Amino acid sequence: MEQKKTTRQLGEWGAQFGNDYVDRNDFAEWKLAPGVEGFRRMIGGLELDSIIEVGSNIGLNLVFLDALFGGKVRLHAVEPNKKAYDRLLTHKINLAKAWNCNGFQLPMADASVDLAFTNGVLIHIAPDDLGPITDEIVRVSKRYVLCSEYFSHTPEGKPYHGQDGLLFKRDFGSFYLDRHPQLKVVDYGFLWQRELEIFDDLNWWLFEKV
Ligand SMILES: C[S@@+](CC[C@H](N)C(=O)[O-])C[C@H]1O[C@@H](n2cnc3c(N)ncnc32)[C@H](O)[C@@H]1O
């Protein structure tokens, strides 16, 4: 898919920096139980036919979701890093469609998927680009939007693997609600790394379109 939008952050994720992330974060059997449990807490009670993850990397979360829903949910993914995208395609899961592209122009129609989500992706979007990517996530969702990201009361940038401009923390829940008045909060919570080691202390919010 042709994409007009590119950013410094996307440049890094598409190159060696992104490939190194893939090498550090492959699937391992021990990740399955905490992964499934984390998603059970966030969305285990929902009735869903279809999900898209924006910024899936190699699809760890999709493997967890496939296990959580017994392979019954049609999964979709968008991932700009080619190495991660290629690895994503190797999982034996109910992957309806995946695209090697970014989240600024999602290749799906309005309201075409039950749930659209990010996990540790909005934190890598520069503040000026956050509105456009959440617009796309909300646009393609028929009903639910989920995000799990690093929290900060006030927006701040943090060094990430020794570099500035690649990691941003804020209250992403409030960002969604302020920008998208059609969302209401269904639930929110915290994935504590001490208990669910793969989740890296993420705050999450589940919204419903009204
Ligand atoms: C920290 S990783 C998280 C991967 C995955 N969501 C997970 O939880 O395992 C961030 C991912 O976001 C992707 N990404 C970065 N910028 C993006 C953008 N603008 N649109 C979509 N994905 C993006 C990166 O390529 C990378 O795969």
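**A mixed sheet, its helices and the ligand shell**

Biologist: Which residues of α6 are buried?

Modeller: Helices and strands are DSSP runs numbered from the N terminus, with H or I over at least four residues for a helix and E over at least two for a strand. A residue is buried if 20 or more other C-beta atoms lie within 10 Å of its own, exposed if 12 or fewer do, and partly exposed in between, with C-beta atoms placed from the backbone. In α6, the buried residues are I133, T134, I137 and V140.

Biologist: How wide is the arc that they cover around the axis?

Modeller: The arc is taken over the directions from the helix axis to the C-beta atoms. The buried residues lie on the same side of α6, because the arc they cover is only 130 degrees.

Biologist: Before we go on, this is a predicted model, where local features need pLDDT of at least 70 and side-chain atom pairs count only at pLDDT 80 or more, while totals for chains, interfaces and linings use all residues. Residues are numbered from 1 along each chain as its sequence is written. What covers the buried residues of α6?

Modeller: Contact means that the C-beta atoms of two residues, placed from the backbone, lie within 7 Å. The cover includes a helix and several strands, namely α7 (172-179), β1, β4 and β5.

Biologist: Which strands stand at the edges of the sheet?

Modeller: Two strands pair if DSSP finds at least two bridges between them. The sheet is open, with seven strands in mixed pairing, and its order is β3-β2-β1-β4-β5-β9-β8. An edge strand has a single partner, so one side is left without a neighbour in the sheet; this applies to β3 (95-99) and β8 (183-191).

Biologist: By how much are neighbouring strands of this sheet turned against each other on average?

Modeller: Axes are lines fitted to C-alpha atoms, for helices over the stretch in contact, and angles between N-to-C directions run from 0 to 180 degrees. For this average, direction is ignored, and the value is 15 degrees.

Biologist: What angle does the direction of α4 make with that of β2?

Modeller: Helix α4 (residues 60-68) packs on the sheet and touches β1, β2, β3 and β4 (113-119). Its direction against that of β2 comes to about 170 degrees.

Biologist: And what angle does the direction of α6 make with that of β5?

Modeller: Helix α6 (residues 127-140) also packs on the sheet, touching β1, β4, β5 (141-149) and β8. Against the direction of β5, that of α6 lies at about 140 degrees.

Biologist: How many bridges pair β8 with β9?

Modeller: Strand β9 (residues 202-209) pairs with β5 in the antiparallel sense over six bridges, and L146 stands opposite L206 there. On the β8 side, F190 has N203 as its bridge partner. The pairing of β8 and β9 is antiparallel too, and the number of bridges is eight.

Biologist: Which residue in β2 stands opposite I51?

Modeller: I51 belongs to strand β1. That strand (residues 50-54) runs parallel to β2 (residues 74-78), and five bridges join them. I52 faces H76, while the residue opposite I51 is L75.

Biologist: Is I51 buried or exposed?

Modeller: Beyond four places in sequence, I51 is in contact with L65, V73, L75, H76, V113, D114 and L115. F117, 66 residues away in sequence, lies 7.8 Å from I51, C-alpha to C-alpha. Because 28 other C-beta atoms lie within 10 Å, I51 is buried.

Biologist: How many of the residues of α4 are buried?

Modeller: L60 has its place in α4, and 22 other C-beta atoms within 10 Å make L60 buried. The other buried residues listed for α4 are N61, L62, V63, F64, L65 and D66. They pack against α3 (32-43), β1, β2, β3 and β4. Of the nine residues of α4, the number buried is seven.

Biologist: Which element gives the most to the shell around the ligand?

Modeller: A residue is near a molecule if its C-beta atom, placed from the backbone, lies within 6 Å of it. The ligand has 24 residues around it, with W13, G55, N57, N102 and G103 coming nearest. At least two shell residues come from each of α1 (8-13) and α4. With three residues, the element that gives the most is α1.
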